[in-house]
Amino acid sequence: MTQQTSAVSYDKQRQTVTARLKKILLARETGVFVALILMCLFLWQATDAFLTVHNLLNVGRQISLLGIMAIGMTYVLIAREVDLSVGSIYALAGLIAGMLIVAQWNLWLAIVVGLMVGMGAGFANGALSTYGMLPSFITTLGMMSVARGAALVITNGRPVTINETAGADPKALETFYFLGQGYVFEKIPMQLVFFIAVAIIGTILLSRTVFGFRVYAVGGSDKAARVSGIKVFNTKIWTFVIMGFLSALAGILSLAFLPSGQAGRTGVGLELDVIAAAIVGGASLGGGEGTILGTILGVLIIGVLRNGLVLMHVSPFWQEIAIGAVIILAVGIDKWTNVRRRT
Amino acid sequence: MNDQISPIVELRDISKRFPGVLALDNVSMNVLPGEIHAVVGENGAGKSTLMNILAGELQPDSGDIVFQGNRCAIPNPYVSQQMGISVVYQELALCPNLSIAENVSLSSASTSNALSFVKRRRFAVKAREVLSQLGITDIDPNRPISKLTVAEQQLVEIAKAISGQVKLLILDEPNSALTREETDNLFAILRQLRDSGVGMIYVSHRLEEALSLCDRITVLRDGKWIDTVAAANVTVDDLIAMMVGRAVDDLYQRATDATTHTQTIFELHDLRSGNALKGMSFALKAGEILGVAGLPGAGKDELVECCFGLRSYTGKIDIQGNAVSIHSPSEAIQLGLAFIPADRRASGALLVMDVKGNIVAANLPSVSKYGLMKQPAIRATSQKYVKELDIRIASLSQKMGTLSGGNQQKVILARGLATNPSVLILHEPTRGIDVGAKAEIYRILQDLAAEGVGVLIVSSELPELIGQCDRILVMHDGRITGQFTRDEAAEEPILACAMGQTTHF
């Protein structure tokens, strides 16, 4: 009832500068961005170490794996689903790839197998949550346990270490370590390079392609999407496959960074960080909303906060409390201000 | 009139402003005890805002509410209820998992101590008492709501509303989902309540009914009070003129005379689906507007679902003479069908998406290349339809959820038209849409038919079908029981066929 203006301003989309500015200011990302800047300004003043190239690149590396997975989660959340199994898939795929490397498989083949395992688990999640007619909360809760168990079975519960002593080929190891620990231009960590690459591809896929459009449509209303001829189930399954692929990629990179993992510990509880980052960045559990840019900002908020708390020598126990409070605040502020925006 | 009786509630110069819109502009009205007072107006006229103020959901910016002679404020719904104001909303607000009795006693559950024991037996007694007050004795109060028909749920809703000491009952489109018989039954109950001294406000789009049921009618337009008239002194046309601010001529009349239609473009042969469709055969010709009438449960819903690949069927479908099988909406779209679903909010609109996204959603191949969306093409397509269908929006990026019902429906229509269909299937195309937008949608459908599109309207609004269609098919129990040409069409014989009492071919 608010928009009965017969204004012809849609013509040519000639929005005035103020209208455009208003749109930018009202965007969900802006709020998160402002919060991030304020946080950075504070840390710059409060600590000496924060605003140094070294520290910032370090933050960049620390958030990369979380960021890669949060981008996948953004797709799943926009499609109005959720994936709780990402931490387990991260562990399973990484450990499988690691064991194959130790077994002197070709490095790339080992990595591809790891990625395929992730995509396979994602496909199973997706198929069960659509054709299987189960809520994704249930299927991925199950998969969380199944994948974790599978990792325990194949490693027999023992830690997997990827080094020459364990039997890996030294040349392959060098390349593998480079993926996780290396730098390009001597300063930029490889993990960050992967994150940036995934972010760029993820942004294009979501905001520029037909597939991305379908993801938004399906999350907005699966009935309306179906009636529009969109294959709802297939679209949802693809988001889970992407999520599985990115979880596996992050898991493999983490093992290349710290070349030892244990099925019972690697990536436990990671799913909550991943979901939190996407949600802080504006993705909604109600589906249909969220952007990759927002998620990246969400990941940065969590990363900078954690870094800042460390630099300020806050105890790790208090760090957890602070991060939890920020998650609630970030979503809360959006909701509370949204009430006014909608009426 | 009735100056000697003091009103139950009197609204004086109520104004309410929302960001960007003055929803109510100095509106005054009153409701007398033992009166049914209709409030009519187009969508956006301010009806719901006014009702929400009485319900305590919204606070007026200025103006007074006088309840039984005392000036008062209604800060929240709880106070409203305590004062004796009950609201029956269009969307049913029952807990489907609870029984009739529990739902009827729901408001008492909100007032008593949280740790006191639930007295289920007393609930049942109370529910039976209230229901019998409504003249309903043949219903088990222990049945869960989810097992009831919509009409029965509606009655439970009213029972719940009058279970306390109700003085003012507000009904917001209470019969939009009811059949004629159920509506008659409901009205009888409302009249009975009126005679017991309850004051009622009745909000509806159905003007004929407002005239027959109500004592006085208040017309709102654009948030302003236009007039309050005695129902006996006005006609539907008078009301429409007041609502729209101009006379809408022949709302339900097809303007151009139908040309002769020769080429069959869409034909069903012995279509069957489960227990719902028991052999449907008919042919739709190019340029024809064909209506399908029938009561709820006759199989109309299933018919449109089969035609658009949303439900499996046996039998044969021909499109332009070629036998096709339709398993999914995407196939149906490729075959040149377009579908406008009945439930706009749930299965039509992509509410969180913007207008342009909604318009191109069914037509992605033509606005993309190598899987990439072409923004200029999206804008061009959207603009074309926004202009053609006169969709009123502030910008193409406006969120669908912020549009009025009529504009949403036009956007959904645009989505269907963007696929260049040869057959357009509409299910309840004007449900919950105001008079002005209705007339515009009818005009669009007539233009499409004139261009040679075959239009199939499946609707439960008989005046709409009789006014718009070249031919009307009537369904009863999964079969066609009647066919009426434009000249033969009239409400009574169509209803007789719909109830399975007679057939007419």
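Colleague: What makes you say that helix α16 (residues 435-450) of chain B lies across strands, and which strands are they?

Modeller: In this predicted model, helix α16 of chain B lies across β13 (289-294), β19 and β20 of chain B, and its direction makes an angle of about 145 degrees with β20(B). Contact here requires C-beta atoms within 7 Å. Helix α18 (residues 491-498) of chain B lies across β13, β21 (471-476) and β22 of chain B, at about 35 degrees to β21(B).

Colleague: How do you know that β19 and β20 of chain B are paired?

Modeller: Pairing asks for at least two bridges, and five bridges join β19 (residues 423-427) to β20 (residues 454-458), so these parallel strands of chain B count as a pair. In one of these bridges, Leu424(B) has Val455(B) in β20(B) as its partner.

Colleague: Why is the sheet called open, and which are its edge strands?

Modeller: Six strands of chain B form the open sheet, with mixed pairing, in the order β16-β19-β20-β13-β21-β22. Its edge strands, β16 (337-340) and β22 (479-485) of chain B, each pair on one side only. Ignoring direction, neighbouring strands of this sheet are turned against each other by 20 degrees on average.

Colleague: Turning to chain A, how many helices and strands does it have, and why is it called as compact as a globular protein of its length?

Modeller: Chain A has 14 helices and four strands. Its radius of gyration is 21 Å, close to the 20 Å given by the globule rule for 343 residues, and therefore chain A is as compact as a globular protein of that length.

Key:
Residues numbered from 1 in each chain as written. Chains lettered and ligands numbered in written order. Predicted model: local features only at pLDDT ≥ 70, side-chain atom pairs only at ≥ 80, totals over all residues. Helix = DSSP H or I, 4+ residues; strand = E, 2+ residues; numbered from the N terminus. Rg over C-alpha atoms; globule rule 2.2 N^0.38 Å. Axes fitted to C-alpha atoms, helices over the stretch in contact; angles between N-to-C directions. Contact = placed C-beta atoms within 7 Å.
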